[in-house]
Amino acid sequence: MYFFYYLFWFFLLALLPSYGLGLTKDNQSLAEIQEVAHNFVLKQVSSLPGNIEVTPGSLDRRLRLPKCSHPLKAFFPSGSRPGGNTTVGVRCTGETPWTVYLSVKMAVYGKVLVATHSISSGFPLNLADMRLERRDLSELRQGYLNEPAQAVGKRLKRPVGLGAIITPGMLETPKLIRRGQQVILMAKVPGLRVNMKGQALEDAGAGEHIRVRNTSSQRIVEGTVTAAGLVQVQM
């Protein structure tokens, strides 16, 4: 009697993989669908800087799709885009076509500048005020900086707290020249340097372009601010 009892359960367990779970060779592999979505998104963002991580969402294990006779094709539905949480469609164009959609999480990790302490607005930044931290770049809609040299010497437009990401829009270059100020126009050619007097027509900081009126000729020229009160122009 026990023999038939165990024999009954042996055959029942043997049948479970194909009937209880519905996994037959004619079903499309859900893992393959996820892999196609993963590789598709990874290809779309391969040119982005940083370490890219793509994680496809899970599919309902009860989903039964005919095994596709053609290679699966992934695509972004209308309104979707690579970045953060997005949606990817995977389509079968075989004899029995079907389409499924799944969520995909994309993260691009890289080093960005953050504040090492609370910093007041108008404060000129130095190296001690910043450090590099690993963050998800795909979530930084306001941009970011990845080199301390991009921020050193610049001032904050508004206060920031400890650990806050320092973005380009937060910074302003200190003005070395103000509108109406008397400046020196410097022109260089091989073996010769010419200085002229001028009047600034706008505010500008180091490395910025500025319009200046030549005091002698009254001509308006453009140059680059190289120091306080000094503008280099091309001859």
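This section describes the confidence, the disulfide, the salt bridges and selected residues of a predicted model.

The mean pLDDT of the chain is 85, with 89% of its residues at 70 or more. Confidence is not even along the chain: the lowest mean, 41, belongs to helix α1 (residues 2-20), whereas the highest, 96, belongs to strand β2 (residues 73-75). Over residues 1-23 the pLDDT remains under 50, and for this stretch the model has ten contacts beyond four places in sequence. Helix α1, at residues 2-20, is thus the element in which confidence is lowest.

One disulfide is counted in the model. The bond joins C68 to C92, with an S to S distance of 2.1 Å. The two cysteines are 24 residues apart and link distant parts of the chain, C68 being in the loop between β1 (51-56) and β2 and C92 in strand β3 (residues 84-92). The link of C68 and C92 is right-handed, with 90 degrees about the S-S bond. Both ends of the disulfide were examined for accessibility. C68 counts as buried because its relative accessibility, 12%, is under the 20% limit. C92 is likewise buried, at 2% relative accessibility.

Strand β3 also holds T86. With a relative accessibility of 6%, T86 counts as buried. When neighbours within four places in sequence are left aside, the contacts of T86 are F76, S80, R81, L102, S103 and V104. Strand β3 therefore contains a buried residue at T86 and another at C92.

Nine salt bridges are counted in the model. Two of these involve E133. In one, E133 pairs with R131, and the closest N and O atoms are 2.8 Å apart. In the other, the partner of E133 is R135, again with 2.8 Å between the closest N and O atoms. The two arginines that pair with E133 were assigned to an accessibility class. R131 is partly exposed, with a relative accessible area of 35%. R135 also counts as partly exposed, at 25% relative accessibility, because this value lies between the limits of 20% and 50%.

A further salt bridge is formed by R211 and E202, whose closest N and O atoms are 3.7 Å apart. This distance falls within the 4 Å cut-off, so the pair is counted as a salt bridge. R211 is partly exposed at 35% relative accessibility, and E202 is partly exposed at 27%. In addition, salt bridges link K105, D136 and E139 in a network.

On the surface, a nonpolar patch is formed by V189, L192 and M235. Together these residues have about 290 Å² of accessible area. One member of the patch, V189, is located in strand β9 (residues 182-189). V189 is partly exposed, with a relative accessible area of 31%. Membership of a patch requires over 30% relative accessible area, so V189, at 31%, passes this limit.

How values were computed
Residues numbered from 1 in each chain as written. Predicted model: local features only at pLDDT ≥ 70, side-chain atom pairs only at ≥ 80, totals over all residues. Heavy atoms only, no water. pLDDT = per-residue confidence, 0-100. Helix = DSSP H or I, 4+ residues; strand = E, 2+ residues; numbered from the N terminus. Contact = heavy atoms within 4.5 Å. Disulfide = S-S within 2.5 Å. Buried < 20%, exposed > 50% of the residue type's maximum accessible area, 1.4 Å probe, protein only. Patch = residues over 30% accessible without salt bridge, like charges linked within 9 Å, V, L, I, M, F, W, Y side chains within 5 Å. Areas by Shrake-Rupley, 256 points an atom, 1.4 Å probe, with all protein chains shown as cover. Salt bridge = Lys/Arg side-chain N within 4 Å of Asp/Glu carboxyl O.
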